[in-house]
Amino acid sequence: MGLLIDGKWQDQWYDTDASGGHFKREESGFRNWVTKDGSVGPTGTGGFKAEPNRYHLYVSLACPWAHRTIIYRKLKGLEDMISLSIVNPYMGDHGWTFAEGAGVIADPISHANYAYEIYTRAKSDYTGRVTVPILWDKKTNTIVSNESSEIIRMFNSAFDEVGALPGDFIPSELLAEIDEINTFVYSAVNNGVYKSGFATTQAAYEEAVNALFDALDVLEKRLENQRYLVGNTITEADWRLFTTLVRFDAVYVGHFKCNLRRIVDYPNLWGYLRDLYQVPGIAETVNMDHIKVHYYTSHANINPTGIVPIGPYLDFNTPHNREQLS
Ligand SMILES: N[C@@H](CCC(=O)N[C@@H](CS)C(=O)NCC(=O)O)C(=O)O
């Protein structure tokens with residue numbers, strides 16, 4: 001675990017001293033947008049037109065943020081036009097690497113050994129954390145974006161006129177509600193598990209865990225009479241919640257000490273999680289080995305032995321019976 005300072009790799013853990021033991025997530029550094037015609041997006045600079053075979057996506061199969069982009073690449077039929085690399089699940093002194101291993105796909109663009117080399121290739125004096133996902137432009141040799149929430153909005157529609165599959169996960173009439181629930185889910189759940197697991201004081205940990213389970217109670221209630229989070233169709237809000245829920249019982253309960261309850265203990269959330277998992281194409285985006293190996297071996301201050309628990313038994317394929325809600 002580390003970061004780049006003026007383009008030089010420094011091996012250091014998150015600094016929680018300045019924030020009373022609270023984990024504070026850094027803002028993403030590259031915020032450009034791929035658009036249909038290359039015009040400038042909501043942030044950053046223009047010039048990134050949606051073209052087949054122009055972009056490359058770097059992900060970790062372990063990472064819930066990167067997982068969002070893998071899901072969209074799959075559902076929008078972008079696999080043949082956006083190439084993919086997968087980092088090794090172990091993130092050690094050099095951060096993410098392309099060291100050989102099951103499921104790893106090396107970097108065919110920059111031939112990098114370490115993900116930080118991709119950042120310094122884009123900006124030689126880059127300062128900041130080296131995170132995945134990374135969307136790379138093969139034409140101008142730079143990083144378009146390293147912000148998953150924005151990459152999925154690009155994938156949602158930018159490639160629609162060059163062969164993407166139909167499907168809009170942010171219909172305009174639902175957008176305000178999607179944004180509202182995303183904000184709630186991001187803070188308490190997506191980032192909430194990290195705030196719990198990376199807290200370095202008892203108070204910071206308890207604050208995060210209590211907020212997390214209060215939020216799960218709210219979501220459990222919301223999913224009692226409706227199949228999905230917003231309206232009766234799958235939206236972006238669901239995919240953003242899904243990537244945290246699917247890791248929850250295997251990793252966050254134990255490794256991040258989010259253990260008031262498991263997802264299997266919530267009838268509606270558990271059914272909802274299985275419902276989303278059973279959407280065609282989704283199961284193959286979930287790699288439990290990468291997920292468990294990454295968390296349990298990469299955070300030596302949390303799990304010094306690096307032992308990866310063999311459980312729990314989880315069957316995401318059992319019938320969910322939630323069709324009746326739609
Ligand atoms: N805001 C970013 C966060 C991405 C992120 O934090 N990814 C983690 C993996 S789950 C990472 O690469 N962490 C490396 C680090 O913080 O050094 C996004 O949503 O894309």
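Modeller: A residue counts as near a molecule if its C-beta atom, placed from the backbone, lies within 6 Å of it. Please keep in mind that this is a predicted model.

Colleague: Thanks! Which residues around the ligand are the closest?

Modeller: The shell around the ligand holds 15 residues. Six of them are nonpolar, seven polar and two charged. The closest are Cys63, Trp65, Arg129, Thr131 and Ser148.

Colleague: On to the sheet, then. Which strands are its edge strands?

Modeller: The open sheet has four strands, with mixed pairing, in the order 4-3-6-7. An edge strand pairs on one side only, and that picks out strand 4 (82-86) and strand 7 (142-145).

Colleague: Do strand 3 and strand 4 pair in the parallel or the antiparallel sense?

Modeller: Strands of a sheet can pair either way, through backbone hydrogen bonds. Here strand 3, residues 55-59, is joined to strand 4 over five bridges. Within this pair, Tyr58 stands opposite Ser85 of strand 4. The sense of the pairing is parallel.

Colleague: What angle does the direction of helix 1 make with that of strand 3?

Modeller: Helix 1 spans residues 64-75 and packs on the sheet, where it touches strand 3 and strand 4. Between the directions of helix 1 and strand 3, the angle is about 135°.

Colleague: Lovely. Which residue in the turn between strand 6 and strand 7 has a positive phi?

Modeller: Strand 6 (residues 134-137) and strand 7 run antiparallel, joined by three bridges, and Asp137 stands opposite Thr142 in strand 7. The two strands form a hairpin with four residues between them. In that turn, a positive phi of about 55° belongs to Asn141.

How values were computed. Residues are numbered from 1 along each chain as its sequence is written. This is a predicted model: local features need pLDDT of at least 70, side-chain atom pairs count only at pLDDT 80 or more; totals for chains, interfaces and linings use all residues. Two strands pair if DSSP finds at least two bridges between them. Two residues are in contact if their C-beta atoms, placed from the backbone, lie within 7 Å. Axes are lines fitted to C-alpha atoms, for helices over the stretch in contact, and angles run from 0 to 180 degrees between N-to-C directions. Ala, Val, Leu, Ile, Met, Phe, Trp, Tyr, Cys and Pro count as nonpolar, Asp, Glu, Lys and Arg as charged, and the others, Gly among them, as polar.
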